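Trainee: I'd like to learn how to read helix packing and a ligand site. Can you walk me through one case?

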Amino acid sequence: MEHISHFQNYVRELYARFSAHDAGLSDRLQRYRNIEPASAQFLSILIRAQQSKCVLELGTSTGYSTLWLAEALSSTQGHMVTLEIDAERSKEAQLHAQHLKLDSHIDFQVTDALDYLQSCQQQFDFILLDAERDAYVEYWSYLPQLLQQQGGLLVVDNVLSHAEQVAVFKALVDLDKRFVSSTVDIGAGLLLITFQ
Ligand SMILES: C[S@@+](CC[C@H](N)C(=O)[O-])C[C@H]1O[C@@H](n2cnc3c(N)ncnc32)[C@H](O)[C@@H]1O
């Protein structure tokens, strides 16, 4: 209980700091663009409900969502891989994870997500896609193979806030009859995708 309370205080302060950083920047790519707290909490509930053991995150940024995923994985004895192309952001995320003693649940990788997807032989029961939206169509060529067929869940952020930018990706998912999907109106909008 105490651990959770410390966690919640820590991530609340972190979110305020990251939001202040973003508010001062006009260049979108320089912003951290962390997931909304309500979305993070929802993901944490999904991981607990699914009892996820093996999670992949595309887009660590400074680790706000990573911390929430890892905190949930500490209750399921799970583990995650998180991918970030910017080494400084990944490093900052690692420092926060170490502070919260969540780092043993996280494999931080500084890499291009596409390279990882192309070479990955592993499967995951939970995947969070929160990187650059113009790459999602290409990622879709690889994501189905990485998702466990039994109960695997792929979650995509920003599908309501940036609906036009994910329209082609969503259309591809809709066309693929192996999957069912649903949009949840939490935060920036989360698309939940799972096998039929
Ligand atoms: C929306 S932010 C992620 C926010 C993070 N999930 C959170 O909620 O705290 C997207 C991140 O993806 C990273 N990114 C962009 N293109 C990438 C790529 N090709 N491979 C890996 N990471 C990438 C960006 O540097 C950025 O930090």
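Mentor: Sure. Start with the idea of an axis: a line fitted to C-alpha atoms, for helices over the stretch in contact, with angles taken between N-to-C directions. Keep in mind that this is a predicted model.

Trainee: At what angle do α2 and α3 pack, and how far apart are their axes?

Mentor: Helix α2 covers residues 37-50 and helix α3 residues 64-76; they pack at about 25°, with 9 Å between their axes. Angles under 35 degrees count as roughly parallel, so that label applies to α2 and α3. Their crossing is right-handed.

Trainee: Which residues of α2 and α3 meet?

Mentor: On the α2 side you'll find Pro 37, Ala 40, Gln 41, Leu 43, Ser 44, Ile 47 and Arg 48. Facing them from α3 are Tyr 64, Trp 68, Leu 69, Glu 71, Ala 72, Leu 73, Ser 75 and Thr 76. By type, the residues of this contact split into 9 nonpolar, 4 polar and 2 charged.

Trainee: On to the ligand. Which residues around the ligand come nearest?

Mentor: There are 20 residues around the ligand, and Ile 35, Gly 59, Glu 84, Ala 113 and Asp 130 come nearest.

Trainee: And which N or O atoms should I look at around the ligand's oxygen and nitrogen atoms?

Mentor: Try the Arg 89 side chain, with an N or O atom 2.9 Å from a ligand oxygen. In the Asp 112 side chain, an N or O atom sits 3.1 Å from a ligand nitrogen. Tyr 64 uses its backbone: an N or O atom there is 3.4 Å from a ligand oxygen. Tyr 64 also belongs to the α3 side of the helix contact.

How values were computed. Residues are numbered from 1 along each chain as its sequence is written. This is a predicted model: local features need pLDDT of at least 70, side-chain atom pairs count only at pLDDT 80 or more; totals for chains, interfaces and linings use all residues. Side-chain values use heavy atoms; hydrogens and water are left out. Axes are lines fitted to C-alpha atoms, for helices over the stretch in contact, and angles run from 0 to 180 degrees between N-to-C directions. Helices (H or I, at least four residues) and strands (E, at least two) are DSSP runs, numbered from the N terminus. Angles under 35 degrees count as roughly parallel, over 145 as roughly antiparallel, 65 to 115 as roughly perpendicular and the rest as oblique. A crossing is left-handed if the near helix is turned anticlockwise from the far one by less than a right angle, and right-handed if clockwise. Contact means heavy atoms within 4.5 Å. Ala, Val, Leu, Ile, Met, Phe, Trp, Tyr, Cys and Pro count as nonpolar, Asp, Glu, Lys and Arg as charged, and the others, Gly among them, as polar. A residue is near a molecule or strand if one of its heavy atoms lies within 4 Å of it. A polar contact is a pair of N or O atoms within 3.5 Å; within protein, one must be able to donate a hydrogen and the other to accept it, and residues adjacent in sequence count only if both atoms are side-chain atoms.
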